[in-house]
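Take a walk through this model, one charged side chain at a time. Keep the viewer open as you read.

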Amino acid sequence: MTRKRLLLVALVLSLLLVNGLSVMAQDEFVFGLVLVGPKNDRGWSQAHFEAGERLAEELGGRMVLFESLNPADNPQTTLTDVAAEMIDQGAKLIITTSDSFEEDTSVVAAQFPDTIFVNTTGSTVLEGSAPPNVGNVNSQFEWVAEIAGCASALATETGSIGYVGPLINFETRRHAAATYLGAKHCWETYREGDAADLTFSITWIGFWFGIPGVTLDPTAETQAFFDNGADVVISGIDTTENIVVASQLAQAGQKVFAVGHDNIASCDEAPDICLGAPYYNWFPIYLDIANSVIDGTWTPSWTWIPLNWDDLNNMDTSPAGYSIGDGLTDEQQADLEAFIAELTAYAKDPANADSFFLFEGPLNFQDGTVLAAEGEKVVPVAPLGETPSIWYLPLLLEGMTGASTSE
């Protein structure tokens, strides 16, 4: 082969290589993930981060991550700043992973109409206030919150359960209410107790996790529950202070327990005193969204995704689950599994379509007004301001102690 032909072959091969790399670069799916807290919080933000890592691996794509977008950790940074940087890096989809980002997501999305934004847990699409490039998504976490309540009722010896909640809104009220309903049901059904003898108290710290000088201290609030007679404290926040405190007290000889939140690995903090954790599994949700963006079929929607009742803890298919903790005795675990079987049977029965187990009358709000009459099922979602619904639960339930509103 002559030198001229060798040069020609080399030129053709180099052009093919460059073009091939260009196609690969164009085909790489880039998405942004905005976290309200750190990626290793053993709770909410870690659950999203782990889903994002798995999504990038599944798609052979790339995740652009921003951690701890909140007034304490990044007071000068806005969602606009973060989104602009992600888009500069090629993001076609940006997922904002907190109720705290709900309003800003719509504002920012309007500035970048060629990028798709998805806000988790929000309802702007449902309410008709979102731009056309915004979607909302959530899983039906209320079911596994009921399991957390049941586990607490099975384990308590004092009949006093504490709940460390974040801020007060529709989402946090319905999760707390679902937890209480699970506790009440299992206290009455498996413990054969009187609901009047069960104490379920909530303290709201003021944000999704503790911020010194801004919120109540979740460690101190957990300790206060235990000091006042509770022997189980449930977390409703993004972090695991309740598990840490319970572990310290248990090591000092007290018989106390805790329930984790948000992340399947919550109990790793102290397995022996943990009764389990209701957790989110965002991977199957994010995979569906990303695939729809890639194939061009994505449309704005509000979706509240049911669980996989054939395999609740299947990390490929179920958007939420419950990790049973080592703190339960064999007998308690058997009762909890019986309760999960109750949930499963209810959820799979076509007669119960569009309803949630235990959200059935007689149910009253804290102020004594009726939520649901005897035998009446609470509507899962209704337009805001009309019929009270689970999604827009306006107050806590009768039998729960704690504030229903922040006013």
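The paragraphs below move from salt bridges to a charged patch, then to backbone features and a buried aromatic residue. The model is predicted.

Start with the paired charges. Side chains of opposite charge can pair when their charged atoms come close. The cut-off used here is a side-chain nitrogen of Lys or Arg within 4 Å of a carboxyl oxygen of Asp or Glu. By this rule the structure has seven salt bridges. Three of them are described here, beginning with Glu28 and Arg62, whose closest N and O atoms are 3.6 Å apart. This pair links distant parts of the chain, 34 residues apart. Glu28 sits in the loop between helix 1 (3–27) and strand 1, while Arg62 belongs to strand 2 (residues 62–66). Glu28 is partly exposed, at 32% relative accessible area. Arg62 is partly exposed too, at 30%.

Next, find Arg54 and Asp316. Their side chains form a salt bridge, with 2.2 Å from N to O. Arg54 is in helix 2, and Asp316 is in the loop between strand 11 (302–305) and strand 12 (320–324), so the bridge ties together parts 262 residues apart in sequence. Arg54 counts as partly exposed, with a relative accessibility of 28%. Asp316 is also partly exposed, at 46%.

Now turn to Arg174 and Glu142. Their salt bridge spans 2.7 Å, N to O. Arg174 lies in helix 6 (residues 170–189) and Glu142 in helix 5 (residues 142–155), so the pair ties together parts that are 32 residues apart in sequence. Both partners are buried.

Return to helix 2, which covers residues 44–59 and includes Glu53. Glu53 is partly exposed, with a relative accessible area of 42%. A patch of negative charge gathers on the surface here: Glu50, Glu53, Glu57 and Glu58 make it up. Why can Glu53 be counted in such a patch? Patch residues need over 30% relative accessible area and no salt bridge. At 42%, Glu53 meets the area requirement, because that value is over 30%.

Step back to the loop between strand 1 (30–34) and helix 2, where Asp41 is placed. Does Asp41 count as buried or exposed? Asp41 is buried, yet has no salt bridge. The nearest side chain of opposite charge is that of Arg42, 8.6 Å away. That distance is outside the salt-bridge rule, because the rule asks for a nitrogen and a carboxyl oxygen within 4 Å. What does the side chain of Asp41 reach instead? It reaches the backbone nitrogen of Ser45, at 3.1 Å.

Arg42 lies in that loop between strand 1 and helix 2 as well. Its phi is positive, about 60 degrees, although Arg42 is not a glycine. Arg42 counts as partly exposed, at 30% relative accessibility.

Asp354 is another non-glycine residue with a positive phi, about 65 degrees. Look for Asp354 in the loop between helix 10 and strand 13. Asp354 is exposed, with a relative accessible area of 71%. Pro362 is placed in the loop between helix 10 (330–348) and strand 13 (363–364). A cis peptide bond joins Gly361 to Pro362, with omega about 10 degrees.

Finish at Phe200, in strand 7 (residues 199–204). Phe200 counts as buried, at 0% relative accessibility. Ile95 is 105 residues from Phe200 in sequence, and their C-alpha atoms are 35 Å apart in space.

Note on methods:
Residues numbered from 1 in each chain as written. Predicted model: local features only at pLDDT ≥ 70, side-chain atom pairs only at ≥ 80, totals over all residues. Heavy atoms only, no water. Patch = residues over 30% accessible without salt bridge, like charges linked within 9 Å, V, L, I, M, F, W, Y side chains within 5 Å. Areas by Shrake-Rupley, 256 points an atom, 1.4 Å probe, with all protein chains shown as cover. Lys, Arg positive; Asp, Glu negative; His and termini not counted. Charge placed at Lys NZ, Arg CZ, Asp CG, Glu CD. Helix = DSSP H or I, 4+ residues; strand = E, 2+ residues; numbered from the N terminus. Buried < 20%, exposed > 50% of the residue type's maximum accessible area, 1.4 Å probe, protein only. Polar contact = N/O pair within 3.5 Å; in protein donor to acceptor, adjacent residues only side chain to side chain.
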